[in-house]
Amino acid sequence: MANKNASVSARSSARSIVAKWTGLGNGDIGVGPAGNSNLQMPSYPDRTVQVLGTFGTGGSISIEGSNDGTTWVVLSDPLGNALTFTAAGLKQITEMPDMIRPHGTAGDGTTSLSVYLAARGTINP
């Protein structure tokens, strides 16, 4: 179990960014870049998450959100399904919490997942 830092890059303007976490396994938690404790994205309300990689036996990763940085809940897609991936996929995120992170919730020694969070804002932060 480890914290994994995000790499964040702007796309074509400050109105669009992509955060990327790699090598996530069971118990790993994605955190902000450069050791920041959480990734905050309030200026980017339109968010989509993609998960890919090696799930291994029973591999699972959830996308979680929090407004206080202490209590985390699994976010959902527009159909109300929990954003917990057991296979590669791409889904829109319905809720807009202040902080967001991936959390490896199951897997074996071969589980190694990458999470890409694309976000678009309406204002420059």
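Contact here means heavy atoms within 4.5 Å, and the views below are all taken from a predicted model.

**Close-up 1. The segment after β12, seen at T122.** T122 belongs to the segment that follows β12, and, leaving aside neighbours within four places in sequence, T122 is in contact with R15 and S43. One of these partners is remote along the chain, since T122 and R15 are 107 residues apart in sequence, yet their C-alpha atoms are 6.4 Å apart in space. With a relative accessible area of 63%, T122 is exposed, because a residue counts as exposed when this value is over 50%.

**Close-up 2. The loop between β11 and β12, seen at G109.** G109 is found in the loop that lies between β11 and β12, where its relative accessible area of 83% makes it an exposed residue. The C-alpha atoms of G109 and T57 are 8.6 Å apart, although the two residues are separated by 52 residues in sequence.

**Close-up 3. Strand β11 and the strands that pair with it.** Strand β11 covers residues 99-106, and six of its eight residues are buried, so the strand is largely enclosed by the rest of the structure. Strand β7, residues 60-66, pairs with β11 in the antiparallel sense over seven bridges; within this pairing S66 has M99 of β11 as its bridge partner, while E64 stands opposite R101 of β11. Strand β5, made up of residues 39-40, also runs antiparallel to β11 and is joined to it by two bridges, with I100 of β11 serving as the bridge partner of L39.

**Close-up 4. Strand β7 with its covered faces and its further partners.** All seven of the seven residues of β7 are buried, which leaves the strand mostly covered. In a regular strand the side chains alternate between the two faces of the sheet. In β7 both faces are covered, with S60, S62, E64 and S66 buried on one side and I61, I63 and G65 buried on the other. Besides β11, strand β7 pairs in the antiparallel sense with strand β9, residues 84-85, over two bridges, and here F85 of β9 is the bridge partner of I61. Strand β8, residues 73-74, is likewise antiparallel to β7 and pairs with it over two bridges, with V74 of β8 as the bridge partner of E64. Strands β7 and β8 form a hairpin that has six residues between them, and in its turn G69 has a positive phi of about 80°.

**Close-up 5. H103 and its polar contact with E64.** H103 is placed in strand β11 and has a relative accessible area of 19%, so it is counted as buried, the limit for this class being under 20%. The side chains of H103 and E64 are joined by a polar contact of 3.0 Å. When neighbours within four places in sequence are left aside, the residues in contact with H103 are G27, D28, I29, S60, I61, S62 and E64.

**Close-up 6. Charged groups placed over aromatic rings.** The charged end of R101 sits over the ring of W72 at 4.0 Å from the ring centre, and the charged end of K91 sits over the ring of F85 at 6.0 Å from the ring centre. Aromatic pairs, by contrast, number zero in a search of the whole structure.

**Close-up 7. The largest nonpolar core, centred on I63 and L117 as viewpoints.** In soluble globular proteins, nonpolar side chains tend to be buried together. The largest nonpolar core of this model has 22 residues, of which I63 and L117 touch the most other members. The elements giving two or more residues to this core are β3 (13-24), β6 (46-54), β7 and β12 (112-120). Not counting residues up to four places away in sequence, L117 touches I17, V18, A19, W21, L39, M41, R47, T48, V49, I93 and I100.

**Close-up 8. The surroundings of S114.** S114 has its place in strand β12, and its relative accessibility of 13% means that it counts as buried. With residues up to four places away in sequence not counted, S114 touches W21, T22, G23, Q50, V51 and L52.

Methods. Residues numbered from 1 in each chain as written. Predicted model: local features only at pLDDT ≥ 70, side-chain atom pairs only at ≥ 80, totals over all residues. Heavy atoms only, no water. Buried < 20%, exposed > 50% of the residue type's maximum accessible area, 1.4 Å probe, protein only. Helix = DSSP H or I, 4+ residues; strand = E, 2+ residues; numbered from the N terminus. Pairing = 2+ DSSP bridges. Phe/Tyr/Trp six-rings, centres within 6.5 Å; stacked < 30°, edge-to-face > 60°. Lys NZ or Arg CZ within 6 Å of the ring centre and 35° of its normal. Core = buried A, V, L, I, M, F, W, Y, C linked by side-chain atoms within 4.5 Å. Polar contact = N/O pair within 3.5 Å; in protein donor to acceptor, adjacent residues only side chain to side chain.
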